[in-house]
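Colleague: Before I use the words in your notes, I want to see where they come from. Could you show me the model and let me ask?

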Amino acid sequence: MKSMRLVAEGQPLKGATVETPRLGSRSALVRVSAAGVCHTDIHLIAGAYDLGEGRKLSATGGGTLLPLTPGHEIAGSVEELGSEGGATGIKKGDQVVVYPWIGCGACRKCLAGKENLCEGRPAFLGFMKDGGYAEYVFVPDARYLVKSEGIDAAQSATLACSGLTAFSAIRKCGLRTDDLLLVVGAGGLGTAAIQIAKKTTGARIAVADIDDSRLELAAKLGADHTFNSAKMEAKDFVSGVKAQNGGRGADAVVDFVGKPATVSLGVRLLGHEGRLVLVGLMGGGLQLSLPVLPLLGAQILGSFTGSLAELAELVQLARRGVVAPVVTASYRLEEANEVLSKLEHGEIQGRAVLKP
Ligand SMILES: [Zn+2]
Ligand SMILES: [Zn+2]
């Protein structure tokens, strides 16, 4: 089968023909209809996450995981099922979204259904195991497939990472009716978060980005207030957001960028018992005014993707039309490097997908 593979850190992906995987008893082979291109793929290909102060976290196990097929937002149809795969209720030919955040299955987090936070050796598809930048993807257990009949394949693919990450992050905000939520970054995740917050909470939504066209899209999707933070002094931005909440700070901030500049602004914006949910992995370190957190009773918490149960819930919301992921462009598998470069340079609105 055809695939686009990462052969060496920092190098463009290479087209390759690899053997189509063989099935075990509970496993499934999915023919990929669409694979979302995610910002995390850029970090993976670069080889590391930036931890700040010159420290790096290797994204490829120091190269030991290479060669690797990236791609963790995968939708397709079930091509083959192992002899016991049918026990999960999945049938050959079903349209599915693949849950890629597969854990070791044995640690405390996996046993609690939080495989995305596996403490053992996770087997995330597109990171530790071959993912969806290919004609087929091997899924070790058919229970990781969520039926997605009725949703466009490109839209359903994006639910597995950008949709799920936004869904889980919004849930962690604990929003109540009339709370003010600030969404930082109106890219693929931000646009999903705006829709999810609008349709599943009664919160008012403010959105900050540095690109006017993205803010226009945010407003169309239901943002009540938009701020171009590149065109404002930081203090005006902070007072502008607070003014939307009667001068109090925001009740929740979800930061989909995760740079020192955005997170420090987010902390300045928090009101009493405010929560800053940090999702973005742009990286770097932070100087923090420590008394702010205890004096406000505020919290900073991280959120990494979501659980299999959350994905199943989100797919149901999408099937009912509550959430409609913004997919703006489809490309051929061979165009993966061009799409990654466009994404890196902020030239993609919403989400782009590859269609093998
Ligand atoms: Zn992703
Ligand atoms: Zn585990």
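Modeller: What follows is a set of short questions, each answered by setting a value against a definition.

Modeller: This is a predicted model, in which local features need pLDDT of at least 70, side-chain atom pairs count only at pLDDT 80 or more, and totals for chains, interfaces and linings use all residues. Residues are numbered from 1 along each chain as written, chains are lettered from A and ligands numbered from 1 in written order, and side-chain values use heavy atoms, without hydrogens and water.

Colleague: Why is Gly-266 called buried?

Modeller: Buried means under 20% relative accessible area, exposed over 50%, partly exposed in between (1.4 Å probe, protein chains only). Gly-266 has 1% relative accessibility, so Gly-266 counts as buried.

Colleague: Where does Gly-266 sit, and what does Gly-266 touch?

Modeller: Gly-266 lies in helix H7 (residues 260–269). Helices (H or I, at least four residues) and strands (E, at least two) are DSSP runs, numbered from the N terminus. Leaving out residues up to four places away in sequence, Gly-266 touches Val-253 and Leu-276. Contact means heavy atoms within 4.5 Å.

Colleague: What makes Cys-38, His-72 and Cys-161 donors of the zinc ion (ligand 1)?

Modeller: Donors are N, O and S atoms within 2.8 Å of the metal (3.2 Å for Na, K and Ca). Cys-38 (SG), His-72 (NE2) and Cys-161 (SG) lie 2.0 to 2.2 Å from the zinc ion. Water is not among the atoms, so sites may look incomplete. The spacing of the donor residues in sequence is C-x33-H-x88-C. Cys-38 is in the loop between strand E3 (28–36) and H1, and His-72 is in the loop between strand E5 (55–58) and strand E6 (73–81). These two are 34 residues apart. Both Cys-38 and His-72 are buried.

Colleague: How do you know which strands are at the edge of the open sheet?

Modeller: Two strands pair if DSSP finds at least two bridges between them. The order of the 6 strands is E12-E11-E10-E13-E14-E15, with parallel pairing. Strand E12 (225–228) and strand E15 (299–302) each pair on one side only. They are the edge strands. Inside the sheet, 5 bridges join E13 to E14. One bridge partner pair is Val-254 and Val-277 in E14.

Colleague: How does H7 lie against that sheet?

Modeller: H7 packs on the sheet and touches E10, E13, E14 and E15. The direction of H7 makes about 155 degrees with that of E14. Axes are lines fitted to C-alpha atoms, for helices over the stretch in contact, and angles run from 0 to 180 degrees between N-to-C directions.

Colleague: Why are the buried residues of H10 said to be on the same side?

Modeller: They are Ala-336, Val-339, Leu-340 and Leu-343. They cover an arc of only 100 degrees around the axis, which puts them on the same side of H10. The arc is that of the directions from the helix axis to the C-beta atoms. Their cover includes strands E1, E16 and E17, and helix H1.

Colleague: What makes E16 and E17 a pair?

Modeller: They share 5 bridges, in the parallel sense. Tyr-331 has Leu-354 in E17 as its bridge partner. E3 and E17 pair too, over 2 bridges in the antiparallel sense.

Colleague: What is the hand of the β-α-β unit made by E16, H10 and E17?

Modeller: The unit is right-handed. A crossover is right-handed if, with the strands pointing away from the viewer, the path from the first strand over the helix to the second runs clockwise.
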